[in-house]
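Reader: I have a chain in front of me and would like to go through it step by step. Where should we begin?

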Amino acid sequence: MTDDLSGASPEDLARHAEKMAKKKAAREKIMATKTGEKGLIIVHTGKGKGKSSAAFGMIFRHIAHGKKCAVVQFIKGAMSTGERDLILKHFSDLCEFHTMGEGFTWETQDKARDIAMARAAWEKAKDLIRDPGNSMVLLDEINIAIRYDYIDIADVVEFLESEKPEMTHVVLTGRNAKDELIEIADLVTEMELIKHPFRSGIKAQIGVEF
């Protein structure tokens, strides 16, 4: 929160200006040491909402900058979502979009098919990541597929460490990210659940959840 300077004396304003100048100088000194660039491994996990939403925010940033990217959805089925509809209608030249899952396990009730679909999605993801033309690849809800052992975490880690192009960003979302994935990631964010409308009987709503 910024300092309240309403009604401040000239002396107070001068002290504030000096304080901000020192902060600016310190910040610029720190920023001057941050010169490296690399393709990041980014993990969004936790029980709170916003994991996929934040990831799609980065996808739309890439699209806004004219940079090629791709999305593979591991769990979500054929239900229409705002992100997918917008990308397919307006930005398919910049962003490939593959919905490979058929819904959550309790909906499909076919474990063998779920495993096959998850592994097919992982093979598609690897192809998209290998393509140096893609600046970012989003693996939406892959952590759930890994959690259920539909995909081998060792294979995911080995691939990201050995085959991901140096400047390609890979974003992996979903609850319960494995420790092995967190260990190799460059950026990990855990969404914390504090309140959720579902607990008050509010259903998923258009424009918020999908």
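**Overall build**

Author: The model is a predicted one. Its chain has eight helices and six strands.

Reader: In what order do the elements of the chain run from the N terminus on?

Author: The chain holds eight helices and six strands, here written as α and β. Read from the N terminus on, the order is α-β-α-β-α-β-α-α-β-α-α-β-α-β.

Reader: Is the chain a compact globule or more spread out than one?

Author: For 210 residues the globule rule gives 17 Å, and the radius of gyration of the chain is 21 Å, well over that, so the chain is more spread out than a compact globule. Along its principal axes the C-alpha trace spans about 75 × 45 × 35 Å. The answer, then, is more spread out.

Reader: What percentage of the residues of the chain count as buried?

Author: A residue is buried when its relative accessible area is under 20%. The chain exposes about 12,900 Å², with carbon and sulfur atoms supplying 54% of that area. Of its 210 residues, the share that counts as buried is 37%.

Reader: How far apart are the mean positions of the positive and negative charges of the chain?

Author: The chain carries 31 positive and 34 negative charges. Averaging the places of each kind gives two mean positions, and the distance between them is 4 Å.

**Two loop residues**

Reader: Is Ser135 buried or exposed?

Author: Ser135 lies in the loop between helix H5 (111-130) and strand E4 (136-140). The cut-off for a buried residue is under 20% relative accessible area. Ser135 has 13%, so the residue is buried.

Reader: Which residue's side chain is joined to that of Ser135 by a polar contact of 2.9 Å?

Author: Leaving out residues up to four places away in sequence, Ser135 touches His62, Lys67, Lys68, Met167, Thr168 and His169. The polar contact of 2.9 Å runs from the side chain of Ser135 to that of His62.

Reader: What distance separates the C-alpha atoms of Ser135 and Pro165?

Author: Ser135 and Pro165 are 30 residues apart along the chain. In space, their C-alpha atoms are separated by 9.4 Å.

Reader: Does Glu141 count as buried or exposed?

Author: Glu141 is placed in the loop between E4 and helix H6 (142-147). Beyond its neighbours within four places in sequence, Glu141 is in contact with Ser52, Phe74, Ile75, Lys76, Thr173 and Gly174. Its relative accessibility is 12%, and the cut-off is under 20%, so Glu141 counts as buried.

Conventions
Residues numbered from 1 in each chain as written. Predicted model: local features only at pLDDT ≥ 70, side-chain atom pairs only at ≥ 80, totals over all residues. Heavy atoms only, no water. Helix = DSSP H or I, 4+ residues; strand = E, 2+ residues; numbered from the N terminus. Rg over C-alpha atoms; globule rule 2.2 N^0.38 Å. Buried < 20%, exposed > 50% of the residue type's maximum accessible area, 1.4 Å probe, protein only. Areas by Shrake-Rupley, 256 points an atom, 1.4 Å probe, with all protein chains shown as cover. Lys, Arg positive; Asp, Glu negative; His and termini not counted. Charge placed at Lys NZ, Arg CZ, Asp CG, Glu CD. Contact = heavy atoms within 4.5 Å. Polar contact = N/O pair within 3.5 Å; in protein donor to acceptor, adjacent residues only side chain to side chain.
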